[in-house]
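Good morning, colleagues. Please take a moment with the sequence and the structure on the screen; I shall begin with one pair of side chains and then widen the view.

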Amino acid sequence: MEKHKMKLQPKYFDFILNGTKRIEIRLNDEKRSLIKEGDIIEFENRITKEKLKTKVIKLYKFDNFEGLYKHFDKISLGYAEDEIADPKDMEQYYPQDKQEKYGVLGIEIKVLE
């Protein structure tokens, strides 16, 4: 079992903390391809530096965010009820060429403690 660290915007940190966001979405690059089911991910709030430990329940691999978004409901991905879930939102973090190179990862997590 490995331990991984990731930083999160406060909004998404809070959604994981309150249990609504259950799927963390990332590029499946060299760093994330090391994640295995059963591993621990420690998330850090980018603003408050608060930390939160989660356990990886399941990994879902997709070619791009469009495929991933079709597979999950928007609440579990970290969207509010009144927001529109658009895979293009992820391009601000991960450009299209990187998605094509690495593919993307949906990480099903469960808060520990």
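Glu44 and Lys49 form a salt bridge through their side chains, with an N to O distance of 3.8 Å. I should say at once that this is a predicted model. How do the two partners stand with respect to solvent? Glu44 is buried, its relative accessible area being 13%, whereas Lys49 is partly exposed at 47%. The threshold matters here: a residue counts as buried when its relative accessible area is under 20%.

This pair does not stand alone. Lys7, Glu44, Lys49 and Lys51 are joined in a network of salt bridges.

Let me turn to another pair. Lys3 and Glu42 are also in contact through a salt bridge, at 3.7 Å from N to O. Lys3 belongs to strand E1, residues 3–8, and Glu42 to strand E3, residues 40–45, so this salt bridge ties together parts of the chain that are 39 residues apart in sequence. Which of these two side chains is buried, and which is partly exposed? Glu42 is buried, with a relative accessibility of 9%; Lys3 is partly exposed, at 46%.

A third pair involves Arg32 and Asp29, whose closest N and O atoms are 3.1 Å apart in a salt bridge. Here both Arg32 and Asp29 are buried.

As a general remark, side chains of opposite charge can pair when their charged atoms come close. How many salt bridges does the chain have in total? The count is eleven. They draw on a chain with 23 positive and 23 negative side chains, and the centres of these two sets are 5 Å apart.

Now to the fold as a whole. The chain contains three helices and five strands, and their order along the sequence is β-α-β-β-β-α-α-β. Of the contacts with a separation of 6 or more, 70% are between residues 24 or more positions apart.

Finally, the overall dimensions. For 113 residues, a compact globule would have a radius of gyration near 13 Å, and the chain, at 13 Å, agrees with that expectation. The C-alpha trace spans about 35 × 35 × 25 Å along its principal axes. Buried residues account for 42% of the 113 residues. The accessible surface is about 6,700 Å², and carbon and sulfur atoms contribute 50% of that area.

To close, I would return to the opening pair: in the predicted model, buried Glu44 meets partly exposed Lys49 in a salt bridge. Thank you.

Definitions and conventions: Residues are numbered from 1 along each chain as its sequence is written. This is a predicted model: local features need pLDDT of at least 70, side-chain atom pairs count only at pLDDT 80 or more; totals for chains, interfaces and linings use all residues. Side-chain values use heavy atoms; hydrogens and water are left out. Helices (H or I, at least four residues) and strands (E, at least two) are DSSP runs, numbered from the N terminus. The radius of gyration is taken over C-alpha atoms; the globule rule is 2.2 Å times the number of residues to the power 0.38. Buried means under 20% relative accessible area, exposed over 50%, partly exposed in between (1.4 Å probe, protein chains only). Contact means heavy atoms within 4.5 Å. Accessible areas come from the Shrake-Rupley method with a 1.4 Å probe; for residues, only the protein chains shown count as cover. Lys and Arg count as positive and Asp and Glu as negative; His and the chain ends are not counted. The place of a charge is taken as NZ of Lys, CZ of Arg, CG of Asp or CD of Glu. A salt bridge is a side-chain nitrogen of Lys or Arg within 4 Å of a carboxyl oxygen of Asp or Glu.
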